[in-house]
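Please open the structure in a viewer and keep the sequence panel visible beside it. The tour below proposes a selection at each stop and describes what is found there.

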Amino acid sequence: MNKPLRRISVCCLVLVLALMGWVTWIQGARASAYEEDPHNPRVAIGRYAAPLGNILVDGKPVTGSTATSSDLKYKRTYKNGPLYAPVTGFASQIYGSNQLESLYGDILDGSDSRLRNPVDTLTRQRAKGGDVATTIDSAVQEAGYRALGGKTGAAVALDPATGRILGMVSTPSYDPGTFAGSGGADQRAWQALAADKNKPDLNRALRQPLPPGSTFKLVVAAAALENGLYSSVDEPTDSPDPYVLPHTRTTLTNENASAPCENADIRTALQYSCNTVFAKMAVDLGKDKVAAQAEKFGFNDGKVDTPVRAAKSVYPTDMDAAQTALSGIGQFNDQATPLQMAMVTSAIANGGELMSPQLVDKVTDGGGKTIEQTAPRTYGKAMSARTAEQLRSAMETVVDKGTGSNAKIGGLTVGGKTGTAQHGVDNSGTPYAWFVSYAQDAKGRQVAVAVMVEDSNASRNEISGNGLAAPIARAMMKAALA
């Protein structure tokens, strides 16, 4: 063989070897990446080739699947879609998925390796989709949804002993079934949802942090007791009325000018929601001690997973003394989700121990066998048992004699705290109405609830935590312990 021909032969051999290596790498090392690439139509075809597994509430499916005439043979359906959308999320043939539908997508579509039996493994066939059982109590969920009605807001109910989320409501809501398919009607429904200024697709329970207003006074009270600033909720405080913010000429007053807020003890200050007491208390403690207490409840933690991740609730740390005073009444730059404030009351109800919130109870395979069980997990010790007991006593006074009277439930012990958070420059926007609470029955069963009403049809002078939010909390607590 002459030299030029030999060179060509060697070059061709190198090219063949390179091609073989490339093909081997594609089919081996890169195969899974291509299989999972969302731009690969086979991904969607495989996912919707058979009915999906279901998301369960009280052991019953709130999702389903129905046959189509397209290449994607089945599409997702929803029972009471708007009621459970904050729990399930959506699964769309065009627009993908979110929340539980996304986080447990491999379980629901049968592609998770834990679902395969030996035959499936040998034949590389997709297994039957598994189910995801939630912790939601349908009675609590329905009670919250009905009570919120046409208001813009959210509510969360927790079992303090386990962290199980019993109810998670967000309104206005949406029906994920309207855009689950791939037709023109589905596209129009998606476009209408995206253009809706009321943001019905926003999970306000987890993803809408807003100023918590006076409900944050519970955090400041906990910090005061834990740090020994006051020995009990019945010890008088050194609190003037009105209170001049440090290093300013700005005077802070109370909503009720006749309330006995001057030098009031913590019980009375919570009962009448005295701004002056808690603003000065935050300054006396200092921002660092208040922040440390807030963080024990979950503030400033960007990784609170239910498993759906919640937006971070924020207690700011870069503040001067005047700003610290305002932060003590849940204003300045304080931000909290309804889930976060439910965690605060849950820890108080549970003797100071805060459990991690959880939305999923267990995951089962296509035959109903449990492959993953969620056990209760402790988030941390938020306060001592004595501090928790003191705060429960004061919160019960708020409901029995104070601003939270609309949360009373016959036969149950109920404690609560109202909040009306300012919104906009000089409170020019519609205030946010908050109510946080817990209830306990004679058997010791408990529930903790946080409600936030962002907007309603009520006139401005009728917006209050007791007027708008407390009845919603009452309905959910009653449903949980009925």
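Begin by selecting Asn275, in this predicted model. Is Asn275 buried or exposed? Its relative accessibility is 15%, and buried means under 20%, so Asn275 counts as buried. This residue belongs to helix α13, which covers residues 275-285. Now display the surroundings of Asn275. Apart from neighbours within four places in sequence, Asn275 is in contact with Ser214, Lys217, Leu252, Thr253, Asn254, Glu255 and Ile329.

Next, extend the selection to the whole of α13. How many of the 11 residues of α13 are buried? The number is nine, and the helix is thus described as mostly covered. The buried residues of α13 are Asn275, Thr276, Val277, Phe278, Ala279, Lys280, Met281, Ala282 and Leu285. What covers these buried residues includes α11, the strands β10 (243-244) and β11 (251-252), and the helices α12 (266-271), α14 and α15 (321-327). Directly after α13, select Gly286, which takes a positive phi of about 95°.

Move on to α11, residues 217-226, one of the elements that cover α13. Helix α11 is also mostly covered, with nine of its 10 residues buried. Lys217, which is in contact with Asn275, is one of the buried residues of α11. The others in the list are Leu218, Val219, Val220, Ala221, Ala222, Ala223, Ala224 and Leu225. Gly228, just after α11, has a positive phi of about 75°.

For a contrast, select Asp288 in helix α14, residues 287-297. Is Asp288 buried or exposed? With a relative accessibility of 56%, and exposed meaning over 50%, Asp288 counts as exposed. Then add Lys75 and draw a line between the two C-alpha atoms. Asp288 and Lys75 are 52 Å apart in space, C-alpha to C-alpha, and 213 residues apart in sequence.

Residue 75 leads to the next stop, since strand β4 spans residues 74-78. Select β4 together with strand β3, residues 63-67; the two pair in the antiparallel sense over five bridges. Thr63 stands opposite Tyr78 in β4. A hairpin of six residues joins β3 to β4.

Now turn to a sheet of five strands. In what order do its strands lie? The order is β9-β8-β18-β17-β16; the sheet is open and its pairing is antiparallel. The edges are formed by β9 (165-171) and β16 (413-421), each of which has a single partner strand, so one side of each has no neighbour in the sheet. On average, neighbouring strands of this sheet are turned by 10° against each other, direction ignored.

Within the sheet, select β17 (residues 432-440) and β18 (residues 446-455). These antiparallel strands are joined by eight bridges. One pair to highlight is Ala439 with its bridge partner in β18, Val447. Helix α17 (residues 385-401) packs on the sheet, where it touches β16 and β17, and its direction makes about 75° with that of β16. Helix α18 (residues 465-481) packs on the sheet as well and touches β8 (152-158), β9, β16, β17 and β18. The direction of α18 makes about 30° with that of β17.

The next selections concern internal spaces. How many cavities of 30 Å³ or more does the structure hold? There are two. The largest has a volume of about 60 Å³. To find it, select its lining: Ala85, Pro86, Asn98, Gln99, Ser170, Ser173, Tyr174, Pro200, Asp201, Leu202 and Asn203. By class, this lining has five nonpolar, five polar and one charged residues.

The second largest cavity has a volume of about 50 Å³. Its lining consists of Gly298, Asp301, Val304, Ala310, Ala311, Ser313, Thr337, Leu339, Gln340 and Met343. Here the division is five nonpolar, four polar and one charged.

Finally, clear the selection and view the whole protein. It contains 18 helices and 18 strands, and its C-alpha atoms fill a box of roughly 105 × 55 × 40 Å along the principal axes. Of its 482 residues, 50% are buried. Among contacts between residues at least 6 apart in sequence, 67% join residues at least 24 apart.

Technical notes
Residues numbered from 1 in each chain as written. Predicted model: local features only at pLDDT ≥ 70, side-chain atom pairs only at ≥ 80, totals over all residues. Heavy atoms only, no water. 1 Å grid on protein atoms, 1.4 Å probe; cavity = no way out; pocket = protein on both sides within 12 Å on 5 of 7 lines; lining within 4 Å. Points joined across faces, edges and corners; volume = space filled by probe spheres on them. Nonpolar A, V, L, I, M, F, W, Y, C, P; charged D, E, K, R; others polar. Pairing = 2+ DSSP bridges. Helix = DSSP H or I, 4+ residues; strand = E, 2+ residues; numbered from the N terminus. Axes fitted to C-alpha atoms, helices over the stretch in contact; angles between N-to-C directions. Contact = heavy atoms within 4.5 Å. Buried < 20%, exposed > 50% of the residue type's maximum accessible area, 1.4 Å probe, protein only.
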